[in-house]
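User: I'm a first-year student and I keep tripping over the vocabulary. Please show me the structure and explain how each word earns its place.

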Amino acid sequence: MPAPSPRTCVARLQLRLSALTLVQKFPSRSMALECFTSTLWQPTCGCGRKRVAHTFTSPSVAIGIGLAFGHAHATALEELTRAAADVGATGLRTAPGRALLVVGVTEDSAERLADIAQRLGFIVRADDPRRQIVACAGAPICAAAEISTRAIAPSLAANAAIAGADAPMVHLSGCAKGCACPRSTPLTVVGIEGRCGVVVNGSARDEPLVMLMPEALPGALSRCADGVRRLRAADESAAEVLSRLDRAQITRLLLGEATRA
Ligand code: SF4
């Protein structure tokens, strides 16, 4: 069977979304705000799994579901909305942190829905390392892009993210415009003529410290993250560790040479 066109996917998704009534039943405005601003940060169950559900109008809860690197395929979104409807969700909202809030489900249903969402590739845990990687649309989606940011991003999440450090740790930008994250991040990767410029503690507009081919990037950022973990004092952020190293020391970390830092 031929794959559906993007236009068909969007149309089917819109139908799915409209099938869920977009009604909110938060007991108060402040609770609604709290839900939306802490979508993925609020652990609910006492089992330590850091699943994401918020107290709602008893006995229902709202569950936060993140989009890895800020995007999802239409078919995955369609399956998610179908699953949400199947477990009795009453609505679905966009939320800060590139997340969706599924509202009006029971706690048991929230667990089931989180399992389905995880299988579909969505983020359902606050400690998911993909949350530390921000990526713009990149090539081939954006005509200005000089690297395929979202193709590179998954290969960085496993090793370049530093749990408990700054979020985000890495910003992948297809070009110097830096659409996905205009502010400074510990490591910004900017596409320049098919190569990856690595900026330390800066934005996509700043001058890169080193230039790498895309295939060399996962190893370089992984070594840099390892170095940061090794050199970091308790409670020190990755940005702080990097700010007390000089350019030569960081270059050695990125390129895999021994450092005396
Ligand atoms: S930063 Fe550049 S490549 Fe990325 S979405 Fe913006 S214009 Fe496109």
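Analyst: Let's begin with β8 and β9, which pair in the antiparallel sense over three bridges. Before going on, you should know that this is a predicted model: local features need pLDDT of at least 70, side-chain atom pairs count only at pLDDT 80 or more, and totals for chains, interfaces and linings use all residues. Residues are numbered from 1 along each chain as its sequence is written.

User: Why do you say that β8 and β9 "pair"?

Analyst: Two strands pair if DSSP finds at least two bridges between them. β8 and β9 have three bridges, so they qualify. You can look at partners too: G197 has M211 in β9 as its bridge partner, and V198 stands opposite V210 in β9.

User: What makes something a strand or a helix here, and how many of each are there?

Analyst: Both are DSSP runs, numbered from the N terminus: helices are H or I with at least four residues, strands are E with at least two. The protein chain has eight helices and nine strands. As a check, β6 takes in residues 170-173, so that run satisfies the minimum of at least two.

User: Which strands belong to the sheet with β8 and β9, and what makes a strand an edge strand?

Analyst: Five strands form an open sheet with mixed pairing, in the order β5-β6-β7-β8-β9. The edge strands are β5 (133-135) and β9, since each of them pairs on one side only. Neighbouring strands of this sheet are turned by 25 degrees against each other on average, direction ignored; the axes are lines fitted to C-alpha atoms (for helices, over the stretch in contact), and angles run from 0 to 180 degrees between N-to-C directions.

User: How do you know that the pairing is mixed?

Analyst: Go through the neighbours. β5 and β6 are parallel, with three bridges, and I133 has V170 in β6 as its partner. β6 and β7 also run parallel, joined by four bridges, with S173 opposite V190 in β7. β7 (residues 185-192) and β8, though, run antiparallel and share seven bridges, with T185 opposite G202 in β8. In the hairpin of β7 and β8 there are two residues between the strands, and E193 has a positive phi near 50 degrees.

User: Why is V170 called buried?

Analyst: A residue is buried if 20 or more other C-beta atoms lie within 10 Å of its own, exposed if 12 or fewer, and partly exposed in between, with C-beta atoms placed from the backbone. V170 has 28 other C-beta atoms within 10 Å, so it counts as buried. Within β6, V170 and L172 point one way while H171 and S173 point the other way, and all are buried. β8 is mostly covered as well, with seven of its eight residues buried. For the protein chain, the buried share is 38% of 261 residues.

User: Which residues does V170 touch, leaving aside its neighbours within four places in sequence?

Analyst: A contact means that two C-beta atoms, placed from the backbone, lie within 7 Å. On that basis V170 is in contact with Q132, I133, L156, A160, T185, L187, V189 and L221. Across the protein chain, take the contacts with a separation of 6 or more: 61% of them join residues 24 or more positions apart.

User: L156 and A160 turn up in α5, don't they? What makes the buried residues there one side of the helix?

Analyst: In α5 (residues 149-160), the buried residues are T149, R150, I152, A153, L156 and A160. They cover an arc of only 135 degrees around the axis, which puts them on the same side of α5; the arc is that of the directions from the helix axis to the C-beta atoms. What covers them includes β5, β6 and α6.

User: And how do you know that the buried residues of α8 line one face?

Analyst: In α8 (residues 247-255), I250, L253 and L254 are buried. Seen down the axis, they fall within an arc of 95 degrees, so they line one face of the helix. Their cover includes β8 (195-202), β9 (210-212), α6 (217-231) and α7 (238-243). Right after α8 comes G256, with a positive phi near 85 degrees.
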